Amino acid sequence: MSLDNDKKPAIELVGIDKRFGAVHANRDINLTVAKGSIHGIIGENGAGKSTLMSILYGFYQADAGEIRISGAPVAIRDSQTAISAGIGMVHQHFMLVEDFTVLENVMLGAEGGQLLRRGVASARKELKRLETDYGLDVDPDALIEELPVGSQQRVEILKALYRGAEILILDEPTGVLTPAEADHLFRILQVLRDQGKTIILITHKLREIMAITDTVSVMRRGEMVATRKTKETTVEELAELMVGRRVLLRVEKGEANPGAPLLSVRNLTVKDGRGVTMVDDVSFDVHAGEIVGIAGVAGNGQSELLEAIAGIRKPFSGDILIDGKPVAGVDPARLRALGLAHIPEDRHHMGLVLKFEEYENSILGYHRDPRYGRGGLLDLDAIRKDAEEKIAKYDIRPPNPRLKTANFSGGNQQKIVVAREIERDPKMLLVGQPTRGVDIGAIEFIHRRIVEMRDAGKAVLLVSVELDEIRALSDRILVMFAGKVVGEKTPDAGEQTLGLMMAGIAA
Ligand SMILES: Nc1ncnc2c1ncn2[C@@H]1O[C@H](COP(=O)(O)OP(=O)(O)OP(=O)(O)O)[C@@H](O)[C@H]1O
Ligand SMILES: [Mg+2]
């Protein structure tokens, strides 16, 4: 490559425009990404970030505009053209074959090309070289299903590099990672950048933007509204550029007024499908009018605990009591009738049916409610009106109850679940990762609703891997490690103290 070519931007998007029916997802977007840089893209849920990247990767075709790579216009008709042009994408929902090895997956990615014919031995050698060059350690012979999420993500990156990617797109890569895995990923991205690769990073976490990007661009309602050198901006400025108003980056809440225990867990033990103990003899109470937060590194039993209480997973032994009545093993519908609402951690598997229209999901699990019909007949007008009210109150975009749920952006899907569960006015609320993939304006909103629930005398149990979120919302914090509650702290306990407990180092 000539020196001259090296100075050309890795990517130029010129006048990119895209509509989905009435939704104008990308409006005349211009963006220049410098070679060898980490370029962040931020913006509210539904701002058009994923759409823009899908156009660059050939998933969607723009209605208008031009894509230039190293100065030359390229028509990206499909992902194959994108890959040939040196673009790689690390998907949020990994596209890996679970019962194949790492090496097989990496080779499979290059299917059809001469790369496959190159043979296993040379592929293995190339994979090793990539791993050493970029610090991406994964065992080539490990099965994907046996790897933790962080390693699976590294396989996605390796796959892209193996196919010759010079430009890597990562759309919210840290949403599924533990803090340690996220740090690891960032170290890798920095190495990649230092070796001349170009990285586009979409994230809602402004802390990540400040820590790792060179440049940051802000989208709002389909438009590119600003680009800043990261060194020359602040979290406050970025927040305001994204949302178009000042955002409160702290949760405002008064003292808790706890009443009687509403939810009690006694000596609860929960095993996973393979019979491994995930929750180990755990006991605690959640009182009316308080928020109890469960802190912990992902995978220490918090998810299984929440699922057992929600009736999704059968406990192995122990009791769960609602208002003093034993409910262990009772099904979710009965639990809902007893006043237990649940915002599940994984909205795609448990919170939503993506092929349903929005209004159907807005009452999912509550369709027997007399508000929505009688004698087995649903009152569609009432349901749609109810859905429209929630859409307005939670600012779900686009405001269309007839849109297929899959066509809402990630953060807006999360708002659909949150609205459904909170607007039921339950007595107890189980909340798992309530703000995963949600923009900062919506985080502020969801946090306020959770505090309002507490102030209205509800018992709230919160599970989050975001320690900041746990500390900001909780009145009491229980720390889980290896299936056990290893300690209880107040929210003013330092990040370091909690961090050590979460790592199993201090009690
Ligand atoms: N296939 C589709 N059909 C209809 N509308 C779509 C489709 N894909 C995206 N949209 C709409 O386009 C807009 C932009 O969505 P996009 O997914 O790009 O947002 P985003 O900025 O990535 O948001 P998030 O932060 O929530 O992931 C949204 O209003 C979304 O509902
Ligand atoms: Mg997105």
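Biologist: Let's start with a helix pair: at what angle do the axes of helix H6 (residues 120-134) and H7 cross?

Modeller: The general idea is to fit lines to C-alpha atoms, for helices over the stretch in contact, and to take angles from 0 to 180 degrees between N-to-C directions. Under 35 degrees counts as roughly parallel, over 145 as roughly antiparallel, 65 to 115 as roughly perpendicular and the rest as oblique. Here the axes of H6 and H7 come within 10 Å and cross at roughly 115 degrees. So H6 ends up roughly perpendicular to H7.

Biologist: And what should I know about the model itself?

Modeller: It's a predicted model, so local features need pLDDT of at least 70 and side-chain atom pairs need 80 or more, while totals for chains, interfaces and linings use all residues. Residues are numbered from 1 along each chain as its sequence is written, with chains lettered from A and ligands numbered from 1 in the order written.

Biologist: How do the axes of helix H7 (residues 149-162) and helix H8 (residues 179-194) cross?

Modeller: Helices here are DSSP runs of H or I with at least four residues, strands are E runs of at least two, and both are numbered from the N terminus. The axes of H7 and H8 come within 10 Å, crossing at roughly 20 degrees. That makes H7 roughly parallel to H8. Over at H16 and helix H17 (residues 440-455), the axes come within 12 Å and cross at roughly 15 degrees, so H16 is roughly parallel to H17.

Biologist: On to sheets. What is the strand order of the open sheet of six strands?

Modeller: Two strands pair if DSSP finds at least two bridges between them. Following the pairs in this sheet gives S16-S19-S20-S13-S21-S22, and the pairing is mixed. At the edges are strand S16 (340-343) and strand S22 (484-489); each has a single partner strand, so one side of each lacks a neighbour in the sheet. On average, neighbouring strands are turned by 20 degrees against each other, ignoring direction.

Biologist: How many bridges join S16 to strand S19 (residues 428-432)?

Modeller: Four, and the two strands run parallel. Look at Ala341: its bridge partner in S19 is Leu429.

Biologist: In what order do the four strands of the other open sheet come?

Modeller: They go S12-S11-S14-S15, with antiparallel pairing. Strand S12 (277-287) and strand S15 (325-326) are the edges; each has a single partner strand, so one side of each has no neighbour in the sheet. Inside it, five bridges join S11 (residues 261-271) to S14 (residues 317-322). One residue pair to find there is Val265 with Ile320 in S14 as its bridge partner.

Biologist: Which backbone oddities should I check?

Modeller: Most residues other than glycine have a negative phi, and most peptide bonds are trans. Ser70 has a positive phi of about 50 degrees though it is not a glycine; you'll find Ser70 in the loop between strand S4 (64-69) and strand S5 (72-73). The peptide bond from Arg397 to Pro398 is cis, with omega near -5 degrees, and Pro398 sits in the loop between helix H15 (380-393) and H16.

Biologist: Last one: which residues are closest to ligand 1?

Modeller: A residue is near a molecule if its C-beta atom, placed from the backbone, lies within 6 Å of it. Of the 20 residues around ligand 1, the closest are Phe20, Asn45, Ser50, Ser409 and Gly411. The elements giving two or more residues to this shell are strand S2 (23-33), helix H2 (49-56) and helix H16 (410-422). Domain 1 (3-243) and domain 2 (261-502) each supply at least three shell residues, with domain bounds taken from an automatic or database assignment.
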